[in-house]
Amino acid sequence: MTRRTLVQAAGLVAVNTGLAGCGFRLRGSQAFAFQRIAILPHPGGAVVQELRRAFGPAVQVLAADAPIAQAQLVLNVANEQRERVVVGVNASGQVRELQLRMRVRLQLRTAQGKEIIEGDDIAQQRDISYNESAALAKEAEEALLYRDMQSDIVQQILRRLAAIQPGQLD
């Protein structure tokens, strides 16, 4: 073993030990306390459609024509709103800064009607500079930021669903 590989190995051990000591851990896949979920409305907006895909093989998302009684949980994702608000203008009144906002409202209940989450809002916002000479590029940037906010909201929903304990499903 050369001195160089020994120093690299010692550095790698020190980094891994330091990260483990601070509580850092990669997120990995989530475990859910349920196997079947109904997501309403069907087909729903972009958040609902991404959420349906995000469960993967871990949880069966019931089809639109399946009876809700088959689901262990019923998730209602309502009021999916996108806003574009002007937050900055220059001296001549031209828009220079925008704020993009996305908000959804969640309601989670069992198939028997027991409320688990009663009307919880999840919101995201991003700031974006604006230049009229690059309007087309800024439009593409807006679309990218909306997709990013949508993915963040879906991940927050998944984390909330993963936090449900089996005792709450009764």
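Q: What makes the phi of the residue that follows H2 positive or negative, and which residue is it?
A: Gly56 follows H2, and the phi of Gly56 is near 60 degrees, a positive value. Helices and strands here are DSSP runs numbered from the N terminus, with H or I over at least four residues for a helix and E over at least two for a strand. This is a predicted model, in which local features need pLDDT of at least 70 and side-chain atom pairs count only at pLDDT 80 or more, while totals for chains, interfaces and linings use all residues. Residues are numbered from 1 along each chain as its sequence is written, and side-chain values use heavy atoms, with hydrogens and water left out.

Q: What is the strand order of the open sheet, and which are its edge strands?
A: The five strands of the open sheet run in the order E2-E1-E3-E4-E5, with mixed pairing. Strand E2 (60-61) and strand E5 (115-129) are the edge strands, because each pairs on one side only, where pairing requires that DSSP find at least two bridges between two strands.

Q: Why do E1 and E2 count as paired, and in which sense?
A: Strand E1 (residues 36-40) and E2 share two bridges in the parallel sense, so they meet the minimum for pairing. The bridge partner of Arg36 in E2 is Gln60.

Q: Which strands does helix H2 touch, and what angle does its direction make with that of E3?
A: Helix H2 (residues 46-54) packs on the sheet and touches E1, E2, strand E3 (73-89) and strand E4 (95-110), its direction making about 130 degrees with that of E3. Contact means heavy atoms within 4.5 Å, and the angles, which run from 0 to 180 degrees, lie between N-to-C directions of lines fitted to C-alpha atoms, for helices over the stretch in contact.

Q: How do you know whether the span of H3 agrees with its number of residues?
A: The expected span is 1.5 Å times one less than the number of residues; for the 28 residues of H3 this should be 40 Å, and because the end C-alpha atoms are 40 Å apart, the two values agree. Helix H3 (residues 135-162) lies across E1, E3, E4 and E5, and runs at about 155 degrees to E5.

Q: Why is Gln99 called buried or exposed?
A: Buried means under 20% relative accessible area, exposed over 50%, and partly exposed in between, with a 1.4 Å probe and protein chains only; Gln99 has 10% relative accessibility and therefore counts as buried. Gln99 lies in strand E4.

Q: What makes the pair of side chains Gln99 and Asp127 a polar contact?
A: A polar contact is a pair of N or O atoms within 3.5 Å; within protein, one must be able to donate a hydrogen and the other to accept it, and residues adjacent in sequence count only if both atoms are side-chain atoms. The side chains of Gln99 and Asp127 make such a contact at 3.2 Å.

Q: Why is Asn79 buried, exposed or partly exposed, and what is its phi?
A: Asn79 has 49% relative accessibility and so counts as partly exposed. Asn79 is found in strand E3, and its phi is near 55 degrees, a positive value in a residue other than glycine. Most residues other than glycine have a negative phi, and most peptide bonds are trans.

Q: Where is Pro41, and what is the peptide bond from Leu40 to Pro41, cis or trans?
A: Pro41 is in the loop between E1 and H2, and the peptide bond from Leu40 to Pro41 is cis, with omega near -5 degrees. Pro43 is found in the loop between E1 and H2, and the peptide bond from His42 to Pro43 is cis, with omega near 0 degrees.
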